[in-house]
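This report describes a single protein chain through its charged side chains, their surroundings and some features of its surface. The chain is shown first, and the description follows.

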Amino acid sequence: PDRLGSRSRQPLPGEPFTRGIPVIQFEEISDEQRAMVDAVGRLLSGLRNRPAAAESADAPGKSPAELLQEVMSGELAPHLGLLLSTSGSGLPIKTDALRLLALHGGSEADVTAGIGLPTTMVTRNPAKYGLTAMGLAAISSGKDGSALLMNKYLPELIKGRTFCYCITEPGAGTNTHKISTRAVEMDDHFVLNGQKTFISAADETHYMVVIARIVSGGEQQGVGTFVVEAATEGISMTPLDIAVLGDRQFSVYFDNVRVPKDGLVGEKRARTGGGIPQSVFYTLNLERLMIALINLMVCREALAKAVRRARQPRSSGLPVGSQQQIKIRLAKAKLKFELASLATKRATEEYDKKGAPQLAGMYANMAKLVATEAAVEACDVALAVYGVEGLNKQCDSGPLYQIARVVQVAPII
């Protein structure tokens, strides 16, 4: 007899009958997509395991362009059509490829071995990579941005040189219309003054993307996006005491920082959006998409943990998941996950078109909303299934809940 489930229990629609407990089955992908996900996973694993080599990339005598060509012509070469955008503006990597990596990257073995999302956030500090993506999106959306990206900043990234994104201010938050940081135009440079706060990974990055109000000839010229080397004189920072997983947060101060004229991304005066450049819209839309992707990963891991636990027998001989209430909650959480996945897929497709940022923003907002709600629901179900054991650090259900709640109320920048 099957002691792990009820014989009378019927499977949910689209779900196999496996010991009477719902089995989480994620989106099916093609063999080509699976190969791309695996190839990117191996590449990222290799880069993470050799940070010293990445920093000393100049030692063998290879130029940054040669290093980039080596990566693109290697194992990733057959998958560039899935990975790279053909548009001349915005992020050069397709966000739908990032969605596939979020949903299908990693493995159950990683989670079992304790390499789940919370551990990854603590040990690898991934926020700086998301912020780097936002920085690259800002750069490539400007004039001649694609060429600048390919010839300078992508090779820099291959060498391990990442970005942080400086927009949030103490009195304005991320409301770009209210920012007070100023970049005063001089003869051959800008002078940057102001303060940013809640800046993730500011102490680890080589470049800062700074959103500032441009002043030229005593008149305001709208809002500009600047790329500034983090080691530039006049930049200082203080750490914030915030109890969150992952990269540390900082307040960053700009005191008469000289920024070369070519540090300005795009035009001085934006043609639309109330004086706000397109680069800001591209990056903020991307941030919302990345929050959605983070929450899909939380959902995926929390539901997998909940199902694994629900299938384990208790002292009575029946699994926790044999209870009708648990079955219903798992089914609802799974449906919300699938809804969030569909919304995020639609949002990534719209973003990759590089069309009107307002439309892409609407879909990105929708994806962020439903994905954060789904993540909180999945974590709540996982904790209900585990009980007090879910708060054990080895379980990771508690830390997963922390991630879901943090990104529900706070941006990642």
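## A loop residue

Leu 84 is partly exposed, its relative accessible area being 29%. The residue belongs to the loop between α4 (80–83) and α5. Leu 84 is separated from Lys 94 by 10 residues in sequence, and the two C-alpha atoms are 5.5 Å apart in space. These values, like those that follow, come from a predicted model.

## The chain as a whole

The secondary structure consists of 13 helices and eight strands. The chain has 413 residues, of which 48% count as buried. Its accessible surface amounts to about 19200 Å², and carbon and sulfur atoms contribute 54% of that area.

Contacts between residues 24 or more positions apart make up 73% of the contacts in the chain that have a separation of 6 or more.

## Salt bridges within helices

Side chains of opposite charge can pair when their charged atoms come close. The count of salt bridges in this chain is 12. One of them joins Asp 96 to Arg 99, with 2.7 Å between the closest N and O atoms. Asp 96 and Arg 99 are about one helical turn apart, because they are three residues apart in helix α5 (residues 95–104). Asp 96 counts as buried at 17% relative accessibility, and Arg 99 is buried with a relative accessible area of 1%.

Helix α11 (residues 324–353) holds both Arg 346 and Glu 350, which are four residues apart, or about one turn of the helix. Their salt bridge has its closest N and O atoms 3.1 Å apart. Arg 346 is partly exposed at 29% relative accessibility, whereas Glu 350 is buried at 6%. A network of salt bridges links Arg 346 and Glu 350 with Lys 353.

## A salt bridge between distant parts of the chain

Glu 185 and Lys 261 form a salt bridge through their side chains, with an N to O distance of 3.2 Å. This pair connects distant parts of the chain: Glu 185 is in strand β2, Lys 261 is in the loop between β7 (249–260) and β8 (264–265), and 76 residues separate them. Glu 185 is buried, with a relative accessible area of 18%, while Lys 261 is partly exposed, with a relative accessible area of 30%.

## A buried arginine without a salt bridge

Arg 213 is part of strand β4 (residues 207–216). Which side chain of opposite charge is nearest to Arg 213, and how far away is it? The nearest is Glu 169, at 7.7 Å, and Arg 213 is buried yet has no salt bridge. A salt bridge requires a side-chain nitrogen of Lys or Arg within 4 Å of a carboxyl oxygen of Asp or Glu, and the 7.7 Å to Glu 169 does not meet that cut-off.

The side chain of Arg 213 does reach a backbone atom, the oxygen of Ile 179, at 3.3 Å. Not counting residues up to four places away in sequence, Arg 213 touches a set of residues that includes Thr 176, His 177, Lys 178, Ile 179 and Thr 181. Arg 182, Ala 183, Gln 220, Gly 222 and Val 223 are also among the residues that Arg 213 touches.

## The surroundings of Glu 169

Glu 169 lies in the loop between β1 (163–166) and β2 (182–185). Is Glu 169 buried or exposed? Glu 169 counts as buried, because its relative accessibility is 4%. Its side chain makes a polar contact of 2.6 Å with the side chain of Thr 181.

Leaving aside neighbours within four places in sequence, Glu 169 is in contact with Ile 179, Ser 180 and Thr 181, and also with Gln 195, Lys 196 and Thr 197. Ile 179 and Thr 181 are thus found among the contacts of Glu 169 and also among those of Arg 213.

## A nonpolar surface patch

Leu 359, Met 362 and Met 366 form a nonpolar patch on the surface, and together they have about 250 Å² of accessible area. Leu 359 is located in helix α12 (residues 357–386). With a relative accessible area of 36%, Leu 359 is partly exposed.

Definitions and conventions. Residues are numbered from 1 along each chain as its sequence is written. This is a predicted model: local features need pLDDT of at least 70, side-chain atom pairs count only at pLDDT 80 or more; totals for chains, interfaces and linings use all residues. Side-chain values use heavy atoms; hydrogens and water are left out. Helices (H or I, at least four residues) and strands (E, at least two) are DSSP runs, numbered from the N terminus. Buried means under 20% relative accessible area, exposed over 50%, partly exposed in between (1.4 Å probe, protein chains only). Lys and Arg count as positive and Asp and Glu as negative; His and the chain ends are not counted. A polar contact is a pair of N or O atoms within 3.5 Å; within protein, one must be able to donate a hydrogen and the other to accept it, and residues adjacent in sequence count only if both atoms are side-chain atoms. Contact means heavy atoms within 4.5 Å. Patches are made of residues with over 30% relative accessible area and no salt bridge: like charges are joined within 9 Å, nonpolar side chains (Val, Leu, Ile, Met, Phe, Trp, Tyr) within 5 Å. Accessible areas come from the Shrake-Rupley method with a 1.4 Å probe; for residues, only the protein chains shown count as cover.
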